[in-house]
Amino acid sequence: MSTSTTEAPQTPAPETSHGVGAFLASRLRQVGLIIALAVIILLFQVLTDGNLLTPRNVTSIINQNAYVLILAIGMVMIIIAGHIDLSVGSVVAFVGAMSGIFIVKMGMPWWLGVVLSLAIGALIGAWQGFWVAYVGIPAFIVTLAGMLTFRGLTQMVLQNVPITPFPAEYTAIGSGFLPDLTGGQSVFEILTLILGAVATIALVASQVNERRKRVRLNLESDPIQWFVLKLVVICAFLVGLTFVLASYQGTPIVLVILAALILIYSTVMSNSVFGRNVYARGGNLLAAQLSGVNTKKVDFLLFVNMGVLAGIAGIAFTARTNSALPNAGSGFELDAIAAVFIGGAAVTGGVGTVTGAMIGGLTMGVLNSGMSLLGLGSEVQSFIKGFVLLLAVAFDIFNKRRGANA
């Protein structure tokens, strides 16, 4: 036993001592999630006679699910820290309502209305974060109260009457596209092709650089076969998405916003002190406190961040519908939470990734779109989505027990 312990740090990378099969078995949850998404896409592509992956429908899936994916970014951070936020749907509605008051009713410039609306989202997050972090009320109770409070405030502000229409610059946030450099004269939209190529090259460069760094520092790294396969699959997905979007109307503006948020928050959670503190707080609260982590500050900032992201989602949704609605955001909190848990986050906290939450959200989005194309009723859709969520969590528990008994 002592010999193996001494020799383990000298192993340059796991591929020299473990096969790809053993590695995949240790990453069963993540690999299974990707395979499940691929199977669902292929299944509905066949069942809908190829309509699922048409350029128009792919663009529709992005626009219809972008605000839920934005919420999932903040929600996965909340859940990693061991909390929950039930208020985000109501905050989406309230921020959208306030943007309508600022821009339509008061005649403010659209950009100023957006800034003020995001500030309101941050204030809501600070309000809820104060009660959770510094008063000590469980997040479930605080955000349940917030769900009721901000839904009521939305209805009071709007007087149960929608506000519409918004300026074209505002609605472009949720339903617009980046400008077509060819003026519609090309089969493929050039700017989208350029952005897709840049994103693919940047991804490959960053992944290769990260792997070289980990190997140089003698840290655990993926087997080379899995690393190459993963890069090929991701690049194929990006290239395919690029050509699909470029053959329709180009890149949705909301996709650019979502991509920027994914990049920023993935970096924060994996490479920053704050990200490590969030994982530490959710993994073991007492150990984090003894290690010097200011867990109250972490909790407070998490809810402020969630408020800002809910504000962004609220603006995106209101812009897409071109209307501030009293019932906007209904059920969004459940969709975001489902995306996070399907994406591999642990109910007990300490585990989860932004990328996993995005895959979980895409899984829910593809299910919604595929079932709608098949003409299934809302009751059937709810049943299937609930069953998928239950299976995802059950699989996670099974995987943990299997690892514990190994």
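**Helix H7 and its surroundings**

Student: How many residues does helix H7 have, and what does it reach from its first C-alpha to its last?

Tutor: Keep in mind that this is a predicted model. H7 runs over residues 139-158, which makes 20 residues. At 1.5 Å a residue you'd expect 28 Å, and the helix comes out close to that. From first C-alpha to last, H7 reaches 28 Å.

Student: Within what arc do the buried residues of H7 fall?

Tutor: The buried set is Ala 139, Val 142, Thr 143, Gly 146, Phe 150, Arg 151, Thr 154 and Leu 158. Look down the axis of H7 and these residues line one face of the helix, because they fall within an arc of 160°.

Student: And on the other side of H7, which residues are exposed?

Tutor: The buried residues of H7 have covers that include helix H5 (88-105), helix H6 (110-135) and helix H14 (295-321). Flip to the other side of H7 and you meet the exposed Leu 148 and Met 156.

Student: Let's zoom in on Thr 143. Which backbone oxygen does its side chain reach?

Tutor: Thr 143 sits in helix H7 and is buried, at 0% relative accessible area. A polar atom of its side chain lies 3.1 Å from the backbone nitrogen of Leu 86. The side chain also reaches a backbone oxygen at 2.7 Å, that of Ala 139.

Student: Which residues does Thr 143 touch, not counting those up to four places away in sequence?

Tutor: One stretch of contacts is Ile 84, Asp 85, Leu 86 and Ser 87. Beyond those, Thr 143 touches Gln 128 and Phe 303.

Student: What comes just after H7, and is Gln 159 buried or exposed?

Tutor: Just after H7, Gln 159 takes a positive phi of about 55°, and this residue is not a glycine. Gln 159 is in the loop between H7 and H8. With 65% relative accessibility, Gln 159 counts as exposed.

Student: What phi does Asn 160 have?

Tutor: Asn 160 is also found in the loop between H7 and H8. At 52% relative accessibility, Asn 160 counts as exposed. Asn 160 isn't a glycine, yet its phi is positive, about 60°.

Student: Which peptide bond is cis?

Tutor: Stay in the loop between H7 and H8, where Pro 165 is found. Omega is near -5° for the cis bond, which runs from Thr 164 to Pro 165.

Student: On to helix H8. Which helices do its buried residues pack against?

Tutor: H8 covers residues 168-175, and its buried members are Tyr 170, Thr 171, Ile 173 and Gly 174. Those four fall within an arc of 135° seen down the axis, so they line one face of H8. They pack against helix H4 (55-80), H5, H6, helix H11 (253-271) and H14.

Student: Ser 99 is in helix H5; which residues is it in contact with, leaving aside neighbours within four places in sequence?

Tutor: Ser 99 is buried, with a relative accessibility of 0%. Its contacts include Tyr 170, one of the buried residues of H8. The full list for Ser 99 is Val 104, Ser 117, Phe 166, Tyr 170 and Thr 318.

Student: How many salt bridges does the structure hold, and how far apart are the closest N and O atoms?

Tutor: There is one salt bridge, formed by Arg 281 and Asp 299. The pair links distant parts of the chain, with Arg 281 in helix H12 (residues 273-283) and Asp 299 in helix H14, 18 residues apart. Arg 281 is buried at 12% relative accessible area, and Asp 299 is buried at 5%. The closest N and O atoms are 2.9 Å apart.

Student: Which helix gives the largest share of the largest nonpolar core?

Tutor: That core has 69 residues, and the ones with the most contacts inside it are Leu 71, Ile 73, Leu 309, Val 340 and Met 358. The largest share of this core is 13 residues, and it comes from H4.

Student: Last one: how far apart in space are Ala 357 and Val 187?

Tutor: Ala 357 lies in helix H16 (residues 354-373) and is buried, at 1% relative accessibility. Leaving aside neighbours within four places in sequence, its contacts are Ala 72, Val 76, Ala 339, Val 340 and Gly 343. Val 187 is 170 residues from Ala 357 in sequence, and the C-alpha to C-alpha distance between them is 34 Å.

Definitions and conventions:
Residues numbered from 1 in each chain as written. Predicted model: local features only at pLDDT ≥ 70, side-chain atom pairs only at ≥ 80, totals over all residues. Heavy atoms only, no water. Helix = DSSP H or I, 4+ residues; strand = E, 2+ residues; numbered from the N terminus. Expected span 1.5 Å × (residues − 1). Buried < 20%, exposed > 50% of the residue type's maximum accessible area, 1.4 Å probe, protein only. Arc of directions from axis to C-beta. Contact = heavy atoms within 4.5 Å. Salt bridge = Lys/Arg side-chain N within 4 Å of Asp/Glu carboxyl O. Polar contact = N/O pair within 3.5 Å; in protein donor to acceptor, adjacent residues only side chain to side chain. Core = buried A, V, L, I, M, F, W, Y, C linked by side-chain atoms within 4.5 Å.
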